[in-house]
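Me: I would like a close look at a single part of this model. Please keep it brisk, and work outward from there.

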Amino acid sequence: MPAAAQDIAVAQPAPSDLAAASVVVLVAAVRYGRHLPEADRFLALYRSLHSPPPLALASVNLTARRSAKTTVTGNAYLRKVIARHHLAPAVAVAFAGRLDYRHYGWLDRRIIRFIMLLTRGPTDPNTCIEYTSWRAVDEFVARIVELMQRAGSP
């Protein structure tokens, strides 16, 4: 039976729970050019395992709104987090997520609009665009299922 999803912003899993998993899945968001600190702490814990289970890693960042930026080779955030933690994920992808300026606070809206200006993205403060490729999410899940089946998980 697969373990329940855990919000690592609330609590990190015990090393023994990670070591006992057949597959570890991490979906990590990028904010201000870096993955959130709880993702870095989780990956440090994961790397400390003597024999870590396979890792499926997804980075959520608006750079991935372009299809060329959804892979390890094309996505700098994904490439950097893998290199920084010396990872060899079994699966690694990037998803874009949603851009919703109205949801952000004043400062976040200004910073994100500036980043979008630099990257030729939408800067209208009323913009709300769902960039997530749900087909790509389904493919990510299918690859996780394959990893679990290979590991003998139900």
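In which sense do strand E3 (residues 55-60) and E4 pair, and over how many bridges?

Reply: A caution to begin with: this is a predicted model. E3 and E4 pair in the parallel sense, over 5 bridges. One contact gives the register: Ala 56 has Val 91 of E4 as its bridge partner. Between the two strands the chain passes through helix H3 (residues 76-84). This β-α-β crossover from E3 to E4 is right-handed.

Now E4 itself. The strand covers residues 91-95, and 5 of its 5 residues are buried, so E4 is largely enclosed by the rest of the structure. Side chains in a regular strand alternate between the two faces of the sheet. In E4, Val 91, Val 93 and Phe 95 point one way. Ala 92 and Ala 94 point the other way. Both sets are buried.

Next, the core. Nonpolar side chains tend to be buried together in soluble globular proteins. Here the largest nonpolar core has 21 residues. Leu 26, Leu 55 and Leu 57 touch the most other members. E3, H3 and E4 each supply at least two residues of this core. Strand E1 (24-31) and helix H2 (37-47) do so too. H2 gives the largest share, 5 residues.

Away from the core, look at the surface. Phe 114, Ile 115, Leu 117 and Leu 118 make a nonpolar patch of about 410 Å². Leu 118 sits in helix H4 (residues 106-118). Its relative accessibility is 57%; the cut-off for exposed is over 50%, so Leu 118 counts as exposed.

Two backbone angles also deserve a check. Most residues other than glycine have a negative phi. Tyr 32 is not a glycine, yet its phi is positive, about 55°. Tyr 32 lies in the loop between E1 and strand E2 (34-35). With 45% relative accessibility, Tyr 32 counts as partly exposed. Arg 120 is the other case: not a glycine, with a positive phi of about 60°. Arg 120 belongs to the loop between H4 and strand E6 (128-130). Arg 120 is exposed, at a relative accessible area of 76%.

Back to the part you asked about. E4 pairs with E3 in the parallel sense, is buried in 5 of its 5 residues, and supplies at least two residues of the largest nonpolar core.

How values were computed: Residues are numbered from 1 along each chain as its sequence is written. This is a predicted model: local features need pLDDT of at least 70, side-chain atom pairs count only at pLDDT 80 or more; totals for chains, interfaces and linings use all residues. Side-chain values use heavy atoms; hydrogens and water are left out. Buried means under 20% relative accessible area, exposed over 50%, partly exposed in between (1.4 Å probe, protein chains only). Helices (H or I, at least four residues) and strands (E, at least two) are DSSP runs, numbered from the N terminus. Two strands pair if DSSP finds at least two bridges between them. A crossover is right-handed if, with the strands pointing away from the viewer, the path from the first strand over the helix to the second runs clockwise. Patches are made of residues with over 30% relative accessible area and no salt bridge: like charges are joined within 9 Å, nonpolar side chains (Val, Leu, Ile, Met, Phe, Trp, Tyr) within 5 Å. Accessible areas come from the Shrake-Rupley method with a 1.4 Å probe; for residues, only the protein chains shown count as cover. A salt bridge is a side-chain nitrogen of Lys or Arg within 4 Å of a carboxyl oxygen of Asp or Glu. A nonpolar core is a set of buried Ala, Val, Leu, Ile, Met, Phe, Trp, Tyr and Cys residues joined through side-chain atoms within 4.5 Å.
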